[in-house]
Amino acid sequence: TINGSKESKTPQDKLIGGLLTSDFDERSCVSRYYKSSLYRKPSPYNPSEYLISKLRSYEKLHKRCGPGTQAYKEATKNLLHGHDDNKNYANKTVDECKYIVWVAVYGLGNRILTLASVFLYALLTDRVVLVDQSKDISDLFCEPFPGTSWLLPRDFPLTRQIDGYNKEYSRCYGTMLNNHAISTNSTPPHLYLHILHDSRDEDKMFFCPKDQTLIDKVPWLIVKANVYFVPSLWFNPSFQTELVKLFPQKEAVFHLLAKYLYHPTNDVWGMITKYYKAHLARADERLGIQIRVFSGDAGYLKNVMGQVLSCTQREKLLPQVVTQEVNVTQSQKVKAVLVTSLYPEYSDHLRNMFSKQKGETIKVYQPSGERYQQTDKKIHDQKALTEMYLLSLNDKVVTSARSTFGYVAHSLGGLKPWLMYQPMDKSVPDPPCVRSTSIEPCHLTSPSHGCGADWGTDSGKVLPFVKHCEDRDNDGLKLF
Ligand code: GDP
């Protein structure tokens, strides 16, 4: 069907129970309507009717306010000529549009998590999301909203300044709060939200009710973030009321948002499906192992290899190596192991170990070994996305603690990962890993307490379903 056509023939299963609109041309983005049963077991996480209707109204809003519309023109004009006084924004008509600009910073895993967070915040606050296209986002993902674009036009008036925005910037929300420079009767035309690992409480807690009364009036928000801040949004009671309706299965937030937003471009989809068909499709079982090394002397580390073996064997994900003949009547199952890492040595080691395995066949694959992070290099990022996606297609997955790359992979796949604890020295952590009881990503460097009356309460104890992350020792927040 043609973009915008009402007579779509796209079957309902390809639309993920109505999560996706049928208003797109299938060929321009093959991954959007792919037949998931070809690659995945059916997901137990389904979109609610309320989420579906919210997405359809968001699509209308985006079309009305998006790039190229009169509303967008007006809004950018006001951005330049607006003043920090009440008369410009206090009398807004209902037709005016409010925006939130997502800026691409940090690695691809971080970006995927933060853009989903920003999108959910936009759904909750009736804002339109626009995406910084100065990096390679359009080489990675198709447009998610029909009949419009999510890309921030290159001539956006603040484009050249955004790079320099940081905590010191005078329009940074936390800084304005500290300087008593913002109040309900003095609303700036734009605000910068700094939601990074080095944020102050004043920045982190932007979602609390009293902050929202100030922020809600601001027509333009510009966000730099590197954490998945969705779990904290539930601390705002009015957001929580909406969120419960949107996501009755609380741990499915990222899983569903990712399936709605992120459709790899045809180039990347080609890389994913080609690799899958060549190496994973025919296996009886598929195990993904993501090995991310954060320590300064990154590379092949013996204790990390030991940890991978210790975790996978203890949890019965991989067998002990058996080289003596075993009873041949045993089934000759093939298990595919997909390793992703910047370093090829880990999969080399596993492959050698299992090359003479008797009884069952263990095939070890690793799509790339890039050695070092090269974010913003097109083909490097395309490989990274391919691998996150391939990991998500496994039956089971082992990931490295604290890695947003791993979080995206398991959550997209609807998988509860085995999280390998971050080694603190040169030894193998004991225990080596822990099974997550949720498919959600962790909000790293989360606020330490709740909003308002919950200010004194440890953030992991404010709500029964928002708890500290298993891989973060009394830290981080995650939906369960
Ligand atoms: P995080 O640093 O683990 O939280 O994940 P990010 O994705 O934000 O940043 C790490 C970046 O390093 C990735 O985006 C890739 O560019 C690169 N990288 C790390 N691990 C891998 C891997 O297993 N495969 C590939 N292809 N790239 C990786």
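Let me start with the ligand. Four elements each supply at least two residues to the shell around it: helix H4 (108-125), strand S6 (334-341), helix H16 (378-392) and helix H17 (404-412). This is a predicted model, so please hear everything that follows as computed from a prediction.

Among those elements, H16 gives the largest share of the ligand shell, four residues. There are 20 residues around the ligand, and the ones that come nearest are Gly-107, Leu-108, Gly-109, Ser-403 and Thr-404. By class, the shell has 11 polar residues, five nonpolar and four charged. Which domains does the shell around the ligand draw on? Domain 1 (12-261) and domain 2 (266-479) each provide at least three of its residues.

That brings me to the domains. The protein chain is divided into these two, domain 1 covering 12-261 and domain 2 covering 266-479. Their centres, taken over C-alpha atoms, are separated by 29 Å. How many residues are in contact between domain 1 and domain 2? On the domain 1 side there are 38, and they are in contact with 42 residues of domain 2. Five helices each supply at least two residues to the side of domain 1 that touches domain 2: H4, helix H5 (137-140), helix H8 (201-204), helix H10 (230-233) and helix H12 (253-261). H4 has the largest share there, with five residues. The residues on that side of domain 1 divide into 21 nonpolar, nine polar and eight charged. So H4 has now come up twice, in the ligand shell and on the side of domain 1 that touches domain 2.

Now the chain as a whole. The protein chain has 17 helices and 12 strands. Its radius of gyration is 23 Å, close to the 23 Å that the globule rule gives for 480 residues, so the chain is as compact as a globular protein of that length. Along the principal axes, the C-alpha atoms fill a box of roughly 85 × 55 × 40 Å. Of the 480 residues, 44% count as buried. If we take the contacts with a separation of 6 or more, 72% of them are between residues 24 or more positions apart.

Next, the core. The largest nonpolar core holds 124 residues, and those touching the most other members are Ile-100, Val-101, Val-118, Val-129 and Val-223. H4 supplies the largest share of this core, 11 residues. Both domains take part, with at least three core residues from each of domain 1 (12-261) and domain 2 (266-479). To take one of these residues, what is Val-129 in contact with, leaving aside its neighbours within four places in sequence? The list is Ile-100, Trp-102, Val-118, Phe-119, Ala-122 and Trp-150.

A few single positions are worth a look, starting with Ser-48. Ser-48 sits in the segment before helix H1 (49-65). Is Ser-48 buried, exposed or partly exposed? Ser-48 counts as partly exposed because it has 18 C-beta neighbours inside 10 Å, and buried would need 20 or more. Not counting residues up to four places away in sequence, Ser-48 touches Lys-245, Leu-246, Phe-247 and Pro-248. Ser-48 and Leu-256 are 208 residues apart in sequence, yet 10.0 Å apart in space, C-alpha to C-alpha.

Last, the backbone. In general, most residues other than glycine have a negative phi, and most peptide bonds are trans. Three places here depart from that pattern.

One is the peptide bond joining Asp-430 and Pro-431, which is cis, with omega about 0°. Pro-431 is in the loop between strand S9 (418-420) and strand S10 (433-435).

Another is His-180, not a glycine, with a positive phi of about 50°. His-180 lies in the loop between helix H7 (173-178) and strand S3 (190-195). His-180 counts as exposed because it has 7 C-beta neighbours inside 10 Å.

Then there is Arg-402, also not a glycine, with a positive phi of about 70°. Arg-402 is found in the loop between strand S8 (396-400) and H17. Is Arg-402 buried or exposed? Arg-402 has 20 C-beta neighbours inside 10 Å and therefore counts as buried; the cut-off for buried is 20 or more.

That is what I have on this model.

Key. Residues numbered from 1 in each chain as written. Predicted model: local features only at pLDDT ≥ 70, side-chain atom pairs only at ≥ 80, totals over all residues. Near = placed C-beta within 6 Å. Nonpolar A, V, L, I, M, F, W, Y, C, P; charged D, E, K, R; others polar. Domains from an automatic or database assignment. Contact = placed C-beta atoms within 7 Å. Rg over C-alpha atoms; globule rule 2.2 N^0.38 Å. Buried ≥ 20, exposed ≤ 12 C-beta atoms within 10 Å, placed from the backbone. Core = buried A, V, L, I, M, F, W, Y, C linked by C-beta atoms within 7 Å.
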